[in-house]
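Please walk me through this model in the viewer, telling me what to select at each step and what I should find there.

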Amino acid sequence: MEKFCPACGRSYPATGPELCDDDGERLVNLKPHPDLVGTLLEDKYEIRSKLGEGGMGTVYLAYQSSMDREVAIKVLRPEYCHNRLAIKRFHREARAASRLAHPNTITVYDSGQSEDGLLYQVIELLQGQPLSDILDTEGALDPHRAIRIVSQICDSLAEAHEAGIWHRDLKPENIFICEKFGNPEFVNVLDFGIAKIADNDATQATATGMICGTPAYMSPEQAMGKELDNRSDVYSLGILFWELLENIDLIAPLERFD
């Protein structure tokens with residue numbers, strides 16, 4: 001067992017310091033974690049059930065007594081606990097999300113590492129379904145409906161891009177549709193786990209030349225591992241938009257969309 005600095009990547013023995021000697025970052029313990037259902041995380045979050053598992057994390061339903069609300073808690077999956085790149089990506093998602101406050105972007109309430117080394121994020125609990133499930137069930141969408149969904153994704157991305165953050169993995173699985181603010185199809189953009197932050201951080205988890213994302217939605221420069229900017233997200237969004245409209249007769253004139 002060892003410790004790892006998520007900022008610079010330096011390794012330390014398990015009996016080493018709590019903070020990195022080079023940059024003062026809190027060190028991460030590289031060890032697996034048990035199922036959390038029925039436990040109390042950080043004396044704040046009562047873990048009630050498992051909601052599901054994604055590419056990097058397990059998501060639990062939890063109750064936060066101090067705020068009298070249910071939340072979702074995402075933790076690093078056990079099989080990635082020795083994967084330094086995955087740990088850096090996990091920290092990056094929290095860092096990227098903390099810069100964003102748009103209603104169409106998933107809200108991250110809290111993040112950190114518990115005393116026993118558990119990496120976690122506390123996020124907004126959403127009631128609805130991913131856009132991918134809607135496509136699987138219904139197929140291509142009415143153009144007006146597709147435009148309403150895509151316009152909300154654009155609103156989320158506009159804030160992210162203004163903050164110098166490129167999502168880099170836009171796809172139907174990362175678009176969540178729920179009823180909110182009187183809108184029966186309110187969009188939340190999820191998963192900034194491989195987001196690119198446009199700053200001077202030379203220790204980013206995904207450097208130039210490294211390919212990450214979902215191939216079917218990648219821009220050519222992303223697929224070639226080249227340096228990206230916000231236009232790569234626009235390309236991916238165009239592919240997603242086409243998927244929503246696939247098999248629709250686009251030649252027929254559309255009524256004016258308000």
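**A tour by selection**

This predicted model holds one aromatic pair. To see it, select Phe181 and Phe186, whose rings meet edge-to-face, with 5.3 Å from centre to centre and 80° between the planes. Colour the two by accessibility: Phe181 has 66% relative accessibility and, because the cut-off for exposed is over 50%, counts as exposed, whereas Phe186, at 7%, counts as buried.

Next, select strand S6, residues 57-64, where eight of the eight residues are buried, so the strand is largely enclosed by the rest of the structure. If you show the side chains, you can follow both covered faces, with Gly57, Val59, Leu61 and Tyr63 buried on one side and Thr58, Tyr60, Ala62 and Gln64 buried on the other.

Keep S6 in view and add strand S5, residues 45-53, which pairs with S6 in the antiparallel sense over seven bridges. Within this pairing, pick Gly52 and look across to Val59 in S6, its bridge partner.

Then add strand S7, residues 69-76, which also runs antiparallel to S6, here over eight bridges. S6 and S7 form a hairpin with four residues between them, and in the turn you can select Asp68, which has a positive phi of about 50°. Beside the turn, Gln64 stands opposite Arg69 of S7.

Finally, stay on Arg69 and add Tyr109: the charged end of Arg69 sits over the ring of Tyr109, 3.8 Å from the centre of that ring.

Methods:
Residues are numbered from 1 along each chain as its sequence is written. This is a predicted model: local features need pLDDT of at least 70, side-chain atom pairs count only at pLDDT 80 or more; totals for chains, interfaces and linings use all residues. Side-chain values use heavy atoms; hydrogens and water are left out. Buried means under 20% relative accessible area, exposed over 50%, partly exposed in between (1.4 Å probe, protein chains only). Helices (H or I, at least four residues) and strands (E, at least two) are DSSP runs, numbered from the N terminus. Two strands pair if DSSP finds at least two bridges between them. Rings of Phe, Tyr and Trp (its six-membered ring) pair if their centres lie within 6.5 Å; planes under 30 degrees apart count as stacked, over 60 as edge-to-face and the rest as tilted. A charge sits over a ring if NZ of Lys or CZ of Arg is within 6 Å of the ring centre and within 35 degrees of the ring normal.
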